[in-house]
Amino acid sequence: MKHIKNILGTMLLTAAAVVATSCVDDTKLLFDVEKPASIAGMEYLNQYDALKTYINSSANPDFKLGIALAASDYIAGGQVTRLANSNFHEMTAGNAMKYASCVSDDGTMNFGTVENFVSAAKAGGITIYGHTLAWHAQQNNKYLNSLLKDKEMDGDPDEKIDVEDYVVDYSKDPYTFWKQAPEGVTIDVNTSEGCLEVINPTPAEQNYLVQYHTADGLPTLVGKEYKLKMMIKGSGKGRLSVGVGPWSGRAEGGFDFDTEWKEYEFAFKAVADGGHVMTQSGLFAGTIQIKYVKITHSESPAVEVEQEKVMRTYQDGPFPFYVMGCEPPVIDGCIHFVPTGDWSQFFILPGGENSLEEGNYVMYLDLKSSKDGDGVQLTMQNGWGGDAQSITVSVPIKAGSQMVRLNLPNVAGGNYDVILKPQTCDATLDLKSVRICKVVKMNSIPLTPEEKKDTLTWAMNNWVEGMMKATTGYVTAWDVVNEAISGGGDDGEGFYPLQSSASASAEDAKNNFYWQDYLGSVDYVRITVAAARKYYAENDGINPLKLFVNDYNLESDWDDNKKVKSLVHWIKKWEADGVTKIDGIGTQMHVSCYANAAIQKSKEDHIVKMFEIMAKSGKLVKISELDMGYIDENGNSVKTENMTEVQHKAMSEYYNFIVKKFFEIIPAAQQYGITQWCATDSPNSSSWRGGEPVGLWDANYNRKHVYAGFAEGLSGK
């Protein structure tokens, strides 16, 4: 299942093209020309009729020969329309009937193209194969994820809850803070216990002789009330003294601990901004263990709070990021910008370190300026394309040290580069850190798994109902679920599990929406099948509805067809409720013809095995997306422009093999059809097999050798 992009064009045939090879619209020339040998060698293609004429209708009355195309090209009524109507019984829209093509960011659905496509198909006397109702790719992720956002709760405005501002968890975080102690005292993380461990064999004369920071870089603000929470256990009873704040002034207290793990709490009002947690325990002899340190404050559950998402500091040395004409060095842990009089900008955080989900954010810049400054801006943008979101805000600059807070509302989500733009400001700037926090409402809670399933069940039903209304019963066969089976892992029964965000790559997990994560591996398909049958019947669906599960790599030789075996296994699980019925299996077959004879033989053998497995399943069988490239002896894909006649003929033989084996192995009652995915060769600019010889016609709609192999396979020759 891939995009069809510019594979079907609207180029008209020229007289020269007609001379060169046979084509859809053969026209006899009124004069004779001497033909080169290469052209004469293709004249035999003129003898072939339109492809659908090679179907034995008496032996295969229900068989449909199909072509994939862009719905808009067919609606236009030009050469693509004539080619489809002349050669095929059925067509598949490349993208027009997919979720992302019909559903907008706010959930409204537009089926205008689908409705026009159906009307044009009716006029042309050709059927439509629906593609596709459920899939994890080409979904409107923004809308679907918005359905799963946290729900707001009604709360008592006088009720208070603790909100975490800062956490050091020593089960995960190393100890990197300041410490001082006499010889023989150890202060470090015990990784096996998952805690900070302080071991003092003998008591010191004064408590402060063993002192250490247990937290640093606090976000506390002067005058605001907080709580310090620490999980502590000792080898005996003792006291831990603490001070919270910078060296210039701290709120002080302490905890009386014992030999059991307990969370201790110290409420304080910050006497200065920021600072650290100073901890002293010189008078205690033995072992003190600290699991975590937290700073919290109390808020009404209805207020907005800031949750830290990204924190970036800098190491002394050259400028650490991509240079945009300005590369200030890092000195004393700060990006040190000295104005030159020229317009200036520089990265302070790259997108690879700043992945943000949709929402509202604030950014804190810890910086120092030599003087008051004007004209400084900051831009945060999701990439560099024309459709990339870009947010630019002014940065107020005052002389001295400051913590600048910037509002960044309505972030769409993605990986955001952050660029500081002093422009022509003449102040020297030292940037110590960047901190980005998401602004969230504390009166909201996540949906339960049951609520998410219920919400997405509604969304699936709403989508399927809309599509069935748009097609008014004319589309009687569908890819009900597309590409459900993963290509790795084990479901516990020796088969591949379903695809999911957990098993996908980071990029796929970000770009796709895995319905099965929320609906479940079994109910995902059952819910979609039930919706398809219900809304088809309610919208003038009279003829029997055929629902297929479509997937790729079912002919795989590297795992001995494990994927098609897994698909058959899952179909049995989906149908085990006695209600769900899957009518057929679609095999995509985006194959390649190999110059290496051993590899080619293996590919052919496993195509045979695939057909045998599908035949045994008793389900209808459809080759849903057939196309072919060519791989040379060195394992390289050969571009159309470099193909030889020998290679073209090898591809023709392979097409013949695939089509013949389909009819030989699949019982007539199970033969739903074959759909050629690419009518013409793919342009170099295409996102799908760009520049490859994937068509039955070339880019000018001239027949190729593979046309003959395909036609003879259909006729059984």
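## Reading strands, a sheet and cores

A: Let's start with one pair: strand β10 (residues 225-234) lies antiparallel to strand β13 (residues 262-269), and the two are joined over 8 bridges. Keep in mind that this is a predicted model.

Q: Which residue in β13 is the bridge partner of Ile232?

A: That would be Lys262.

Q: Which strand other than β13 should I look at beside β10, and in what sense do they pair?

A: Look at strand β15 (residues 286-299): β10 pairs with it in the antiparallel sense, over 8 bridges. To find your place there, go to Leu228, which stands opposite Ile295 of β15.

Q: How many of the residues of β10 are buried?

A: Here, 7 of the 10 are buried, so you can call β10 mostly covered.

Q: Now for β26. Why is strand β26 (residues 417-423) described as largely enclosed?

A: Because 7 of its 7 residues are buried, β26 is largely enclosed by the rest of the structure.

Q: How do I read which way the side chains of a strand point?

A: The general idea is that side chains in a regular strand alternate between the two faces of the sheet. In β26, Asp417, Ile419, Lys421 and Gln423 point one way. Val418, Leu420 and Pro422 point the other way, and all of these residues are buried.

Q: In what order do the strands of the open sheet with β26 come?

A: The order is β19-β26-β22-β23, 4 strands with antiparallel pairing. β19 and β23 (390-394) are at the edges with a single partner strand each, so each has one side without a neighbour in the sheet. On average, neighbouring strands here are turned by 25° against each other, ignoring direction.

Q: What joins β26 to its partners?

A: With strand β19 (residues 344-349), β26 shares 4 bridges, and Ser344 has Gln423 as its bridge partner. With strand β22 (residues 377-381) there are 5 bridges, and Thr379 stands opposite Ile419.

Q: And how should I read a nonpolar core?

A: Generally, nonpolar side chains in soluble globular proteins tend to be buried together. In this model, the largest nonpolar core has 113 residues, and those touching the most other members are Leu51, Trp463, Trp515, Trp574, Ile658, Ile674 and Phe710.

Q: Which residues is Leu51 in contact with, leaving aside its neighbours within four places in sequence?

A: Among them are Leu65, Phe88, Trp697, Tyr707, Phe710 and Leu714. There's also a second, separate core of 38 residues, including Val330, Leu378, Leu408 and Ala427.

Terms used. Residues numbered from 1 in each chain as written. Predicted model: local features only at pLDDT ≥ 70, side-chain atom pairs only at ≥ 80, totals over all residues. Heavy atoms only, no water. Buried < 20%, exposed > 50% of the residue type's maximum accessible area, 1.4 Å probe, protein only. Pairing = 2+ DSSP bridges. Core = buried A, V, L, I, M, F, W, Y, C linked by side-chain atoms within 4.5 Å. Contact = heavy atoms within 4.5 Å. Axes fitted to C-alpha atoms, helices over the stretch in contact; angles between N-to-C directions.
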